[in-house]
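Thanks for coming, everyone. I would like to walk through a few local features of this model, so please keep the structure open while I talk.

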Amino acid sequence: MKSKIPIPSAIPIRMCIELTNRCNLNCPFCLVGQQNSKESTEHDELDRDMGGMNLDLCKKIILDAKRFGIKEINLTFQGEPLMYKRKWFLELVRLCKQEGLKSIVYTNGLLLDPIYSRDIIKSGMEEIRFSVDGITQDAYEKNRVGGKFETVWKNMRDMVNIAKEENSNVKLIWQFIALRNIEHQIEKARTMAKEIGIIFEVKTFAESVPELAPKNINYRRKLKDLPCTDIYAQSLVYWNGDVVPCCYDLEGKEIMGNLNNNTMEEIWNGEKYNNFRKRLKGSVFSPKMQPEFCKGCLKYSAPKEQGNLTSKAKAFLIYPFLK
């Protein structure tokens with residue numbers, strides 16, 4: 001069977017905006033990609049100042065993203081986005097709707113209530129992804145430390161019902177990570193999701209905590225061959241306006257610029273971003289060129305591990321499309 005080779009677009013399709021990097025939970029596998037440099041990858045070990053984005057800056061970034069040609073705004077990066085001030089969050093969702101941008105949020109769902117859920121739906125949110133790993137309190141609290149399963153289960157049910165009442169086309173997804181301590185619950189969770197009318201998706205585990213990797217090989221993540229095309233699909237913004245090229249750069253190892261001072265177009269076409277893309281492309285042929293934080297990647301295999309010509313062939317095929 002022929003594999004599809006993704007051809008990157010000239011500019012990112014999506015921008016991920018970190019409204020805050022604070023979180024109401026402390027999940028043990030949170031800091032994906034940091035497993036080689038930290039003893040623990042729980043959220044509390046994030047070595048970056050905690051804060052929340054200024055509302056005016058966020059609105060400026062969204063409008064700038066629209067001018068640049070970005071199509072989707074994910075109001076999520078590190079942290080729980082629903083910890084952001086409610087009226088500000090709703091204002092940002094409405095702004096995305098007004099500008100014709102698809103609005104997305106990933107949430108643990110614990111901070112919702114029927115009134116807030118209805119307000120989010122009525123503001124025009126287009127996709128909500130609930131991160132819920134486990135269907136019993138005992139299992140759930142091991143993965144979503146500090147959370148209560150019954151609370152998020154009720155909030156998901158309420159959101160589905162409210163969306164129906166409001167005749168909303170919002171896409172509601174229950175994302176369930178295939179972890180060793182809950183892989184036996186996947187099929188039951190799938191049935192529960194069907195019963196309440198929410199989309200159910202099993203996500204492979206980025207193995208930041210190796211002992212949590214599932215035993216069932218069908219649930220194990222298969223690393224992709226380089227070259228990495230993810231950095232062309234989206235760009236990410238910290239709460240202070242710093243732009244980083246990848247969701248694995250959680251601590252600012254490769255800051256491309258700051259949206260307080262420059263436009264996204266200026267940053268994307270700037271020297272730092274161009275140099276980063278050049279190094280990442282070049283690492284297919286010369287592993288020494290690989291950016292440091294990429295060495296902790298849990299999505300693409302490392303250059304030295306690629307014993308065939310697949311990556312080089314792919315690189316030759318898509319290089320003409322890569323800036």
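Let me begin with Asn-167, which, with a relative accessibility of 69%, counts as exposed in this predicted model. If you follow the chain, you will find Asn-167 in the loop that runs between helix 5 (149-165) and strand 5 (171-177). What deserves attention there is the backbone, since Asn-167 has a positive phi of about 50° although it is not a glycine. As background, most residues other than glycine have a negative phi, and most peptide bonds are trans. That second point brings me to Pro-227, where the peptide bond with Leu-226 is cis, with omega at about 10°. Pro-227 also belongs to a loop, in this case the one between strand 6 (199-203) and helix 7 (230-233).

Now to the aromatic residues, of which the structure holds 12 pairs. One of these pairs is formed by Phe-89 and Tyr-116, and its geometry is edge-to-face, with 6.4 Å from centre to centre and 70° between the planes. This pair links distant parts of the chain, because Phe-89 belongs to helix 2 (residues 86-98) while Tyr-116 belongs to helix 3 (residues 114-123), and the two are 27 residues apart. As for their surroundings, Phe-89 is buried at 0% relative accessibility, and Tyr-116 is likewise counted as buried, with a relative accessible area of 1%.

Phe-149 and Trp-153 give another arrangement: their ring centres are 6.1 Å apart and their planes meet at 15°, so this pair is stacked. Both residues lie in helix 5, four residues apart, which is about one turn of the helix. Phe-149 counts as buried at 3% relative accessibility, and Trp-153 also counts as buried, at 10%. Which aromatic cluster do Phe-149 and Trp-153 belong to? They form one cluster together with Tyr-140, Trp-174, Phe-176 and Phe-200.

Rings in this model also have charged groups over them. The charged end of Arg-48 sits over the ring of Tyr-238, at 3.6 Å from the ring centre, and Lys-85 lies over the face of Trp-88, at 4.4 Å from the centre of that ring.

I come next to the cysteines, and to the question of how many disulfides the structure holds. The number is zero. For those who want the chemistry restated, a disulfide is a covalent bond between the sulfur atoms of two cysteines. Why, then, is Cys-96 not bonded to Cys-58? The sulfur of Cys-58 is the closest cysteine sulfur to that of Cys-96, yet the two are 7.8 Å apart, which is too far for a bond. Cys-96 itself is buried, with a relative accessible area of 0%. For Cys-246, the closest cysteine sulfur is in Cys-247, at 4.5 Å, and this is again too far for a bond, because a disulfide here needs the two sulfur atoms within 2.5 Å. Cys-246 counts as buried at 16% relative accessibility.

I will finish with Glu-251, which is placed in the loop between strand 8 (242-244) and strand 9 (257-258). Glu-251 is buried, with a relative accessible area of 16%. What does the side chain of Glu-251 reach? The side chain of Glu-251 comes to 2.8 Å from the backbone nitrogen of Asp-47.

Technical notes:
Residues numbered from 1 in each chain as written. Predicted model: local features only at pLDDT ≥ 70, side-chain atom pairs only at ≥ 80, totals over all residues. Heavy atoms only, no water. Buried < 20%, exposed > 50% of the residue type's maximum accessible area, 1.4 Å probe, protein only. Phe/Tyr/Trp six-rings, centres within 6.5 Å; stacked < 30°, edge-to-face > 60°. Lys NZ or Arg CZ within 6 Å of the ring centre and 35° of its normal. Polar contact = N/O pair within 3.5 Å; in protein donor to acceptor, adjacent residues only side chain to side chain.
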